[in-house]
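Hi everyone, thanks for coming. I'd like to spend a couple of minutes on charged side chains and how they pair up. Let me put the structure on the screen.

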Amino acid sequence: MKRIIQNQTHESGVDMINDQVKDFMVKDVISASPRTSIKEVMTILVREKIGGLPIVDENGVLRGIVTDGDILRAISPVDRRIHDYFSLITYVAEEGLEDRLSELADREVIRIAKTHGILTVHPEDEMKKVVSLLSKHHFKKLPVVDQSNHVVGVISRGDVIRRIQETIINELN
């Protein structure tokens with residue numbers, strides 16, 4: 001069976017796994033600068049209905065990535081324990097969610113973003129690499145960078161699932 005998908009001919013769904021990232025990545029990247037506040041990033045995530053975004057400097061170079069999970073971990077209440085082993089007294093000061101939010105809201109997002117060991121893909125990489133990285137590391141999204149580490153796109157699990165549905169699943173019907 002032969003199908004045309006986004007101006008490409010696929011003899012079977014197996015060919016789709018060899019497609020390049022540039023063929024199905026999102027090119028209109030929503031990003032933030034390292035100095036953007038956590039509050040501003042939360043507003044972007046909600047407004048754009050996305051779960052994370054790359055952090056890029058003024059030249060478009062990838063500096064980090066922040067997800068809704070990073071924000072939740074940052075604002076979760078902190079359990080501060082002081083132990084006095086001589087009198088066996090434990091003092092627990094638990095900070096409330098509102099206190100944590102007000103403390104963190106204006107901090108720069110780069111302070112909670114993942115900045116080291118960020119996995120990326122390149123526009124020329126094959127889809128099978130994306131599938132492998134997303135499934136192995138349980139990521140929701142990967143930045144797509146060029147040779148100079150400039151962000152040129154993003155690819156998400158949803159993008160991959162849509163691509164699989166467009167090719168393999170439709171061919172089974």
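Let me start with a pair inside a helix. Asp 70 and Arg 73 form a salt bridge, and their closest N and O atoms are 2.8 Å apart. Please keep in mind that we are looking at a predicted model. Both residues sit in helix α3, which covers residues 68-75, and because they are 3 residues apart there, about one helical turn separates them.

Now, are the two partners buried or exposed? Asp 70 has 15% relative accessibility, so Asp 70 counts as buried. Arg 73, on the other hand, has a relative accessible area of 57%, which makes this residue exposed.

How many salt bridges are there in total? The count comes to 9. Let me show you two others.

One of them joins the side chains of Arg 163 and Asp 19, with an N to O distance of 2.5 Å. Arg 163 belongs to helix α6 (residues 157-172), while Asp 19 is in the loop between α1 (13-16) and α2 (38-48), so this salt bridge ties together parts that lie 144 residues apart in sequence. Here both Arg 163 and Asp 19 are buried.

The other one is Glu 126 with Lys 128, where the closest N and O atoms are 3.2 Å apart. Glu 126 is partly exposed at 30% relative accessibility. Lys 128 is partly exposed too, with a relative accessible area of 43%.

That's my tour, folks. Happy to rotate the view if you want another look!

Technical notes: Residues numbered from 1 in each chain as written. Predicted model: local features only at pLDDT ≥ 70, side-chain atom pairs only at ≥ 80, totals over all residues. Heavy atoms only, no water. Salt bridge = Lys/Arg side-chain N within 4 Å of Asp/Glu carboxyl O. Helix = DSSP H or I, 4+ residues; strand = E, 2+ residues; numbered from the N terminus. Buried < 20%, exposed > 50% of the residue type's maximum accessible area, 1.4 Å probe, protein only.
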